[in-house]
Structures are given as C-alpha cells and as structure tokens.
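Please read this short report alongside the sequence and the coordinates. It is meant for someone meeting the structure for the first time.

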Amino acid sequence: MSWARARRAGRIGAATIATLVGIAAVTLTSACGESDGPCAHVAGRCLIVELDAAPSVRLTAIDQVELDLLYGGVHGTATTSRPGGGVTSLPLETSVELDVTSPGPLPIGVVAAGKLSGTVRGTGAASTSLEPGEHKRIQIHLAPPEACTAGTTYCGGDKVAGDPQTLYLCNGGGVPLARGVCVFGCIVVPAQSDRCRGGGGACIEGTKYCGGDKLDGDPRTLYTCVGGVAENPQPCANECVVAPEGVADYCR
Amino acid sequence: MRLTDRRWRLTLTIAAAVTSLMTQPVWSDPAEEQALTHLERGVAAFNAGDFPGARAELLAAQRLAPHKPNPYRWLALVEARLGDCDAALAHVADFVARAPANDPREGELRRLSDQCARGGALSVTSSPSSAAVSLDGAPLGVTPHREIGVRPGEHQLTVDKDGFERVTRSILVAAGAQTDVQLALRRRARPITRRWWFWAAAAAGSVAAASLAFYALHDPGRAPLPPLSCDDHGCRPRGGP
C-alpha cells in the first residue's frame, strides 16, 4: 500500500505525520549544527579556537580576534573578523589550519586578544599539540589585560596572557607576541624585561648564542658570551637558530 | 348423672381436641411453622416484584421444610422471573417429585418450563439509531433491533456507534418475556489529541522550533569567524596572501 493510500485509509494518523515532521526538522537542525564545522573540510591539522569571556568578566561581544601562535619553532600572528565588519557575540569560534610538514605531535601555543573598536578588551591563552591530520578544539577565556610596557618582554602570565614557559613581547594595543619557548624556563625579572633562562652548560667566550641557549635572554636575539654573561644583543629579524654544540647560533 | 357427667366430659374433650386440630397450622412442626412464615414472606416479596428477596425467603423455607413442595414451586417462579431457567427447571423437578399426583399446580409449572425452553425476547432501540448491538460479545445487528429466543438469564448488552460513547449494560432476559432496552447515546467528547488542529499545531510548532534552532545556530552573529591558516612561514587568513 502506498503512503498516500495508507493515509487515505486512515492507517497513518495525524500524530504519525506530526512526529515524522518533528524528527525530520530536528535531524535537519542537528545535521546543520555539527561540532567539527570550521575544520570539516580540512585534511591536515586543524585547531578550533573557541573564545569566551572569563567568568565574572563583562565582555559580551568583540569585532576582531587577534591570534598569536607558536607552533613548533614557527611564530605567526593573524587577525580575523567578520567580513564587512560587525560585532560578534561571545562565545565565538574560529579555526586555524596548520599546514606544517612536521611528523609527530606539533606543540601549539595560542594567545588570543579580543578587540572591540581597535581596543584589546580581553586576552587569554591556551596550548595543546596536534598529530598530523588531527582536529582539536581549545577554549580560551578572555580577561581584561594587565598593563604591560610595550616593547618589553614578559613570561606568559606576567602581565601578558600566555604560557609561563614562553617569552612574549608586550604589543601595546595588540596580542602579546610570542618570542619563543624557554627550554630551560622563563625568568620573571621585576622592573625589567623577563627573559629565558640559559642552560645546557657554560658558554664559550666570544661565541654567539640565542637567548635561552646557555645565556639568559630573548630567544629571538643573538648575544655574545663575554665572561659568561650575555652581551652585545642583536635582535633577529625573523628567527634565532640554535645551532648544534660547538657551532655558534645565528639569525635566520 | 355420673354417667351423664362422664359423657359430657368426654364430649368436651373431643370438642377441645377437634378445636385444637382445627386451629393448628397444616405444618404443625416448629420448623415447618418457621418455613411457612418464610414462605409467606417470599410470596409477598414475589408479588411485590422483589425477586431476590423472595428467593432468599423461599430458600430459607425450603431448607426448613425440604419435603414440602410449595417452596419449590415458588422458587421455580422466582428463578424464571430472574431469568435463571436452569434453576427454575430444577425447582420444577423438585416440586413434581414432592407434589401429589395430578396436583393442579403442575400445569402452571409446565407452562413455565415451556417458556424456559422458548427463551426470551430482546428489543433494543437507541437514539440515534443505527448503533451496533452485540450481546455477550456476539454482534446482533443495528438498532432498532429485536431478538427472539434469547437464552434467559443475565447478558452483557453493548451498543456502539461511531462518535458516541459506547454503552455496556447488564440486562436480565426473562423466560417467555420481552425485555425492552431503550438507550439515549451520548456524543463522545474527543480528547484534544484526536482533533486534527491539535496535530497540525504540533507539527507547525515543531517546524517553528526547528527553524528557530536552525537560525540560532546559523545566526550571522554566531557563525564562526573566517578561518586562519598557518604554515612554516607564519599565519594569515585562510585563502589570503
């Protein structure tokens, strides 16, 4: 018996029809609201970043998100906002596709700044790692940023949002910029720039080292070992490369 | 004189004995006296139309004087009026076994037996008519309906019509008599879930709720921000330079 004939014959009641309509509607709605949405069509590593206001913080909407990412040895910063402008309510989410040819887990540190009309209204940070092809979701709670001095470096959590073992540069009106992960720890120095702790043995007199490699300092700055102390800092435009033992570090 | 006195005393004694015999009930035994009392009450109840009450009294009479035929006769009449032909016929048999030959009451009970064999008639009418009639679960037809040869006794009569409340009633069909049943059917109050507009509203509500959920999830203000892309050289909006 066809559906129509069954309906005419009274075998399919109004209740059945209403139930089917409801199920179809709910299924449609569910299908359209899948949780892997922003990363749905990404084959490689993909990170969904969900931003929300920290508890007890009155922050309901922003119009721009600035992300600072440190993944592997690479640092990148980018902003995203609604096309054509406009305010976005919190919580919101965006995604980051990581097209990095690195086998195994890729450590990722993310610092986010939520801006409204050009002003940072909240910052927050989170870190994770991604296997090749893995999609993961992280949550970042935005809190009003503390006052940091632009151009000064800070360990994460010391006036800037971020990983405590990562050194950041206070960016004034933007997201703190990661300088690099401190392999031997990040030193908070009151009233001065924080820096990465040097480790891995004594430095060789007159040899150049990235900060944090045998000499305390900024991991994107090249120093000269003078009497066991970092002297003559030379900021690297891009990256400071830690060379193997016995070879001087250099700027890329 | 003495002889005369003796005769006179004998005459008085005989007269007293005769008087005593005449004033005593037919059932001289005390139990029989009680049975007679119950019998009289039973007959009075029967004549008043109280057949269950009559049955109780007559059974009491029958227990007190089981050899007397009259309680069985009345019990047979009562059971017939109550529609229990089997019991009535059993009492008829008990009566015949105890009554003298050619008892004039046998004719009455023979007619009763015939009526029991014929069964009773049942007439069912309803307002509105054309309602389905069934007796003890067996369909008989539609109202107005007349059924003859209905086994005497208690039956479950059901009258059902679409859109009206079903009526189930216990009826008593008496042997050889017609039982008339007249019913005024009450229109059924349909529950709200049986109304077409209820389910139409429910379906519309479901669609509306789903639409709201869809638009909430796809609210431009809630949609994900454009994605970013990072590689070995840094990060940028996906699809950007």
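What follows describes the two chains and then a sheet in one of them.

The structure is a predicted model, and every value below was computed from it. The table sets out the make-up of each chain.

| Chain | Helices and strands | Residues and buried share |
|---|---|---|
| Chain A | two helices and 19 strands | 252 residues, 40% buried |
| Chain B | seven helices and nine strands | 241 residues, 27% buried |

Contacts along the sequence can also be described for each chain, counting those with a separation of 6 or more. In chain A, 49% of these contacts are between residues 24 or more positions apart, and in chain B the share of such contacts is likewise 49%.

Within chain B, four strands come together as an open sheet, in which the order is β3-β2-β5-β6 and the pairing is antiparallel. The edges of this sheet are taken by β3 (138–142) and β6 (167–173) of chain B, and because each of them has a single partner strand, one side of each remains without a neighbour in the sheet. On average, neighbouring strands of the sheet are turned by 30° against each other, with direction ignored.

One pairing in the sheet can be followed down to its residues. Strand β5 of chain B, which covers residues 153–160, runs antiparallel to β6(B) and is joined to β6(B) by seven bridges. Which residue of β6(B) is the bridge partner of B:Val159? The partner is B:Val167, so that this bridge links two valines, one from each strand.

Key
Residues numbered from 1 in each chain as written. Chains lettered and ligands numbered in written order. Predicted model: local features only at pLDDT ≥ 70, side-chain atom pairs only at ≥ 80, totals over all residues. Pairing = 2+ DSSP bridges. Axes fitted to C-alpha atoms, helices over the stretch in contact; angles between N-to-C directions. Buried ≥ 20, exposed ≤ 12 C-beta atoms within 10 Å, placed from the backbone. Contact = placed C-beta atoms within 7 Å.
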